[in-house]
Amino acid sequence: MGKIFSVALGILTAIGGFLDIGDLVTNAVVGSRFGLALAWVVVVGVIGICLYANMAGKVAAVSGRATFEIIRERLGPRVAAANLSASFFINLMTLTAEIGGVALALQLATDVGRMMWIPVAAFAVWVVVWRVKFSIMENVTGLLGLFLIVFAISVFALHPNWGDLVHQATAPVISEKESAATYWYFAIALFGAAMTPYEVFFFSSGAVEEHWTKKDLGTSRLNVMVGFPLGGVLSIAIASCAAIVLLPGQIEVTSLSQITMPVVIAGGKLLLAFVIVGIVAATFGAALETALSAGYILAQFLGWPWGKFRRPAEAARFHVVMFVAIVAGAAVLYTGIDPIMVTEYSVVFSAIALPLTYLPILIVANDSEYMGEETNGRVTNMLSSVYLVIILAASLAAIPLMIVTGGGQ
Amino acid sequence: MAQQGERLRRWRAIALLAAFFVGLGLLLTQCPANRDGMPGQLAQAMDETVTAARSGALALDLWIKQRSTNQLASVQISDARDEVVKAYKGIADLRAEDSTDISRQRMLTESMTSIIGQLNAASAVIRSIQHEPAPEKARDDLAAAADALESGYR
């Protein structure tokens, strides 16, 4: 019974934890501009993140060490430093976007300006990463993030033309108002949002935090293979809500407050309360994960003691890195920059940095010295290689498309 | 032999660098501001204003029907206004080269100013600072302003 509960909890946490500000904003923007014509990208992204998160979790469970430690040892400091620089920058950008997301979500509930909420959000993130137990932190935010299921409920409550929605998803058409370049720019953004690098660092370091062994591989696989795809279903539900209400109303999403409109139409103030709690939990949970990831990757690269399983005094530098990252994120937001803009750019830059994150994981997962009999099989390698090609193509096309479309205008 | 190899490597590096800068230059000429010029920027600002006005009208509609809260409606209206202000800033200082662009720019800035005023008035009504205009009228005016701007511009 305890085992079943633990598996169910893991899956629910994975669903709730899958969504962050990048997924929320990008899916809503795409839904309001392209309908479900880009739903296929979510499917591609979810398969990719399942594949690589599972691989990173396996590396951690088998070796007892996080991916980044092994990357430095296996590929040398130079390659690891390139990986670190790109990943740390993207992670910092994502952390900034998430703290901004928490502030914006709290603004929706209170009408108090986001500038007032930024220090509150940043302080709360710091207190939780410093004091709260890893499992509690992960489970509470993951479970509260499940409130975003109201987007799926809203899709049904809005009584859409199902045939039309299915047609949009299965036979994608670019509307006259949009160009092919914009379509592909947002395809890359959605792909980057689904495969954000911090998810893999957090997943692999979390496995070490929770002392996974080979025995836990089945549970971890189940969490990833069931939880993430269901998280992907929620992503498509967000895009569907925008496609049903905002696209016909000719309202393009440019702010977080617009994302709630379809939910309010479907369920009034009750569903609004749920969606706000869900958005706060999802963005706050992701802010915790990105803050931790900042500490994880730097400490693992430099060989410092790390982890929440240690007392803060035993991993002081790890905690200092997280503190500085949180302060830096809040400081960037205090320049007055729009958190939604940071989010939009963070998902695209994630896509640019993807090869640096995922190629080393594939190399390590194929090293029998670390993995023993859990070394990648032929099918996994074939699929991973296909994904590497997709990742590389997305990474190379991202900047030219960003310039040509003026950031998706 | 070694000298020839070194020279070849140097030429290859120069050629690659030149190709990179030519590519970058070509790419930058394709960015919307360069490619579409002032008409493109005006059209973009018009689209942003129309979508913000419609968003404001929908936010007001949901508030009138009591499906939304005062707080959410107020944030939605403020967001819509900020979007119009951003679009205004993007076109206000553009230097037009022909009379069509000048008249479009004038029409746009006038409509934007009016929509910003309507959104500010709606925000004041939601926050109970004033009771005029009636919320229904504010909603209808915003929707009408969006339609008028879109059809008038084209």
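Q: Is Asp61(B) buried or exposed?
A: This is a predicted model, so everything here is computed from it. Asp61(B) has a relative accessibility of 14%. The cut-off for buried is under 20%, so Asp61(B) counts as buried.

Q: Which side chain does Asp61(B) meet in a salt bridge?
A: The N to O distance of this pair is 2.9 Å, and the rule asks for a side-chain nitrogen of Lys or Arg within 4 Å of a carboxyl oxygen. Asp61(B) itself is buried, whereas its partner is exposed, with a relative accessible area of 51%. That partner is Lys65(B).

Q: Which residues do shared salt-bridge partners join into one network with Asp61(B)?
A: The pair Asp61(B) and Lys65(B) doesn't stand by itself. Salt bridges that share partners join Asp61(B) with Lys65(B), Arg139(B) and Asp140(B).

Q: How far apart are the closest N and O atoms of Arg65(A) and Glu69(A)?
A: Both residues are partly exposed, Arg65(A) with a relative accessible area of 27% and Glu69(A) with 23%. Their pairing passes the salt-bridge rule, which goes up to 4 Å. The closest N and O atoms of Arg65(A) and Glu69(A) are apart by 3.9 Å.

Q: What is the N to O distance in the salt bridge of Glu73(A) and Arg65(A)?
A: Arg65(A) also forms a salt bridge with Glu69(A). Glu73(A) is partly exposed, with a relative accessible area of 47%. Its side chain meets that of Arg65(A) with an N to O distance of 2.7 Å.

Q: How many salt bridges does the rule find across the interface of chain A and chain B?
A: A search of the whole structure turns up 15 salt bridges over all chains. Between chain A and chain B there are 12 residue pairs in polar contact. For salt bridges across that interface, though, the count is zero.

Q: What is the area buried between chain A and chain B?
A: The contact takes 30 residues from chain A and 26 residues from chain B. Carbon and sulfur atoms give 62% of the buried area. The total is about 2,400 Å².

Q: Which helix gives the most to the side of chain A that touches chain B?
A: The residues on this side divide into 13 nonpolar, 14 polar and three charged. Helices that each supply at least two of them include α4, α11 and α17 of chain A. With eight residues, the one that gives the most is α13(A).

Q: How many of the residues of α9(A) are buried?
A: Helix α9 of chain A covers residues 180-194 and reaches 21 Å from its first C-alpha to its last, close to the 21 Å expected. Its buried residues include Tyr183(A), Phe186(A) and Phe191(A). The helix is largely enclosed by the rest of the structure, because the buried count is 12 of the 15.

Q: How far does helix α3 of chain B reach from its first C-alpha to its last?
A: This helix runs over residues 70-92, so 23 residues at 1.5 Å a residue give an expected 33 Å. Among its buried residues are Leu72(B), Glu83(B) and Ile91(B). From first C-alpha to last, α3(B) reaches 32 Å.

Q: Which residue's backbone oxygen does the side chain of Ser346(A) reach?
A: Ser346(A) sits in helix α15 of chain A and is buried, at 3% relative accessibility. Leaving aside residues up to four places away in sequence, Ser346(A) touches Ile90(A), Met93(A), Thr94(A) and Ala97(A). At 2.9 Å, its side chain reaches the backbone oxygen of Thr343(A).

Key: Residues numbered from 1 in each chain as written. Chains lettered and ligands numbered in written order. Predicted model: local features only at pLDDT ≥ 70, side-chain atom pairs only at ≥ 80, totals over all residues. Heavy atoms only, no water. Contact = heavy atoms within 4.5 Å. Buried area = accessible area lost by both parts, 1.4 Å probe. Polar contact = N/O pair within 3.5 Å; in protein donor to acceptor, adjacent residues only side chain to side chain. Helix = DSSP H or I, 4+ residues; strand = E, 2+ residues; numbered from the N terminus. Nonpolar A, V, L, I, M, F, W, Y, C, P; charged D, E, K, R; others polar. Buried < 20%, exposed > 50% of the residue type's maximum accessible area, 1.4 Å probe, protein only.
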